[in-house]
Amino acid sequence: SIVSPLLRTGYHFQPPMNWINDPNGPLYYKGWYHLFYQYNPKGAVWGNIIWAHSVSRDLINWIALEPAITPSIPTDKYGVWSGSTTLLHDGTPAILYTGIGRPDTNYQIQNIALPKNASDPLLREWTKPDYNPIAVPVAGINATQFRDPTTAWFAGGRWRMLVGGLRPGTLRGEAILYRSRDFKRWVRAKHPLHSALTGMWECPDFYPVAKAGAERGLDTSAYGAGVAKHVLKNSLDLTRYDYYTVGTYDNTAERYVPDNPTGDVYRRLQYDYGNFYASKTFFDPVKQRRILLGWANESDSVAHDKAKGWAGIQAIPRKIWLDPSGKQLVQWPIEELEKLRGKPVNVGDKVVMPGQHFEVTGLHSYQSDVEVSFEVSSLDKAEPFDPAYANDAQKLCGMKGADVKGGVGPFGLWVLASADLAEKTAVFFRVFKDGYGGKPVVLMCSDPSKSSLTPDLYKPTFAGFVDTDISSGKISLRSLIDRSVVESFGAGGKTCILSRVYPSMALGKDAHLHVFNNGATDIKVSRLTAWEMKKPLMNGA
Ligand code: DQQ
């Protein structure tokens with residue numbers, strides 16, 4: 001079948017062509033934001049991976065540079081995989097990354113690269129010092145599950161960093177801890193920083209956060225006064241989601257203890273409940289914030305990826321901080337994104353009765369940013385919550401999709417909808433009563449089951465619970481719509497879902513936007529604002 005060029009995203013990060021995956025080593029340096037990423041220069045499938053490199057003044061407009069790291073030494077000859085950047089004491093950035101050292105086995109080794117010329121703000125050339133490698137898979141380490149070094153932090157006279165791993169012969173994923181005095185010679189600690197029976201931990205990330213509700217970010221080495229908690233994230237190879245815990249880090253004992261001891265296995269927190277993986281944060285010293293970047297793979301077939309000539313995008317950079325509850329993080333698209341907004345279209349004080357919907361007109365919504373504030377008139381008709389689904393939002397939403405009538409909700413947006421509504425992606429809430437402690441439970445879903453008439457697409461339903469107090473009836477939703485991606489933020493960024501969809505009719509100017517209510521209770525749109533989004537500089541494409 002023919003793959004429409006209108007499915008190529010407009011303001012989400014991507015190179016002009018070919019395959020991309022994990023964001024690598026993001027940092028701010030001498031006036032520029034740098035993003036490296038896993039890239040196949042030869043095609044739209046994973047393989048031949050190198051570190052491609054782009055720079056930006058605002059994390060929205062991107063300029064592509066020459067690749068930063070390519071295979072060249074014995075310890076990275078067969079692949080340069082994911083890693084991170086650390087600013088050394090003299091301000092020089094250092095890249096730690098995983099190299100593949102043997103042709104046939106994915107034998108993994110940690111390496112370091114340094115700028116050839118640290119006075120170049122664009123950091124165009126990188127060298128690999130001769131003291132490479134810095135960490136090899138000795139006994140006790142699974143050599144093929146040992147990768148993705150973190151940004152290092154400095155504590156008590158030593159640098160520390162984590163490498164993701166899987167304990168040999170077990171299902172125990174771990175964050176293997178290393179220390180170094182000089183950033184050259186690294187010694188493995190006896191104990192991993194943390195571990196759990198979850199399978200391999202890819203792309204760990206570890207950082208401090210300021211007090212609950214404070215939006216400012218902290219340098220990765222911050223410790224003590226001003227640090228409320230630490231966050232540990234890992235990307236689970238088995239489920240392909242990014243999970244995190246909030247907890248306490250003791251840098252003398254070299255231990256991290258999650259606040260919720262079962263948080264690794266039950267009611268696990270995810271950065272995003274959709275298509276978002278191998279993410280990484282960095283501290284932005286300019287705006288004193290921590291920024292999260294994550295990879296969104298295609299949900300399209302490999303044949304389509306090849307026909308399109310590209311696969312993979314990066315999510316919109318998100319500011320990330322500790323929620324006022326202290327129990328979870330909150331994320332919000334960086335404010336620079338708002339520069340792309342065109343003229344706003346406003347709807348206010350509009351009631352949507354049970355079974356009704358209305359179209360938001362006056363803009364082309366295929367490349368847009370939509371913010372809505374809903375008000376639920378009453379929670380009386382909310383369906384009872386079945387505790388069997390307490391740990392399985394996705395299953396619940398799979399059963400109770402956008403077309404399944406409910407009590408309070410489903411209500412929300414139909415985005416990328418065709419004129420006849422045969423195609424539409426639903427992003428919505430559904431409220432249940434009698435959850436934990438008798439409180440209502442809010443479910444947020446992204447339901448792509450009707451997103452396209454194209455056959456054989458992978459159309460996973462994504463869902464997460466929203467830990468918000470809905471007793472006032474109020475809840476908000478923001479969706480970044482960009483041709484084949486819908487990136488949504490529920491309740492001010494408490495729950496996020498990125499979804500890839502491939503409409504066959506709801507393309508370009510034929511895509512429509514609606515508000516719908518399939519519940520039995522009136523829903524008021526107290527305010528909706530929608531903006532068409534301009535196209536930024538995107539790596540020359
Ligand atoms: N992708 C990289 C690995 C990492 C995985 C290889 C996560 O380093 O573990 O491209 O998507």
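**Close-ups of the ligand shell and salt bridges**

**View 1. A buried glutamate and its arginine partner.** Glu174 is buried, with a relative accessible area of 6% (buried means under 20% relative accessible area, exposed over 50%, partly exposed in between, using a 1.4 Å probe and protein chains only). Its partner Arg167 is partly exposed, at 30%. The two form a salt bridge, with the closest N and O atoms 3.1 Å apart (that is, a side-chain nitrogen of Lys or Arg within 4 Å of a carboxyl oxygen of Asp or Glu). This is a predicted model, in which local features need pLDDT of at least 70, side-chain atom pairs count only at pLDDT 80 or more, and totals for chains, interfaces and linings use all residues. Residues are numbered from 1 along each chain as its sequence is written, and side-chain values use heavy atoms, with hydrogens and water left out.

**View 2. Arg179 meets Glu254.** Here the side chains of Arg179 and Glu254 pair up in a salt bridge, 2.7 Å from N to O. The pair links distant parts of the chain, 75 residues apart: Arg179 sits in strand 12 (residues 173-180), while Glu254 is in the loop between strand 17 (241-250) and strand 18 (255-258) (strands are DSSP runs of E, at least two residues, numbered from the N terminus). Glu254 is buried, with a relative accessible area of 10%.

**View 3. Glu487 and Arg318, plus a network.** In this salt bridge, the closest N and O atoms of Glu487 and Arg318 are 2.9 Å apart. Glu487 belongs to strand 35 (residues 485-490) and Arg318 to strand 24 (residues 318-322), so the pair ties together parts that are 169 residues apart in sequence. Both Glu487 and Arg318 are buried. Elsewhere, Asp284, Lys287, Arg289, Glu335 and Glu336 are joined into one network by salt bridges that share partners. The whole structure holds 33 salt bridges.

**View 4. Polar contacts to the ligand.** A polar side-chain atom of Asn21 lies 3.0 Å from a ligand oxygen (a polar contact here is a pair of N or O atoms within 3.5 Å). For Gln38, an N or O atom in the side chain is 2.6 Å from an oxygen atom of the ligand. Ser82 uses its backbone instead: a polar backbone atom is 3.2 Å from a ligand oxygen. Taken alone the ligand exposes 310 Å², and the protein buries 95% of that (Shrake-Rupley method, 1.4 Å probe).

Methods:
Polar contact = N/O pair within 3.5 Å; in protein donor to acceptor, adjacent residues only side chain to side chain. Helix = DSSP H or I, 4+ residues; strand = E, 2+ residues; numbered from the N terminus.
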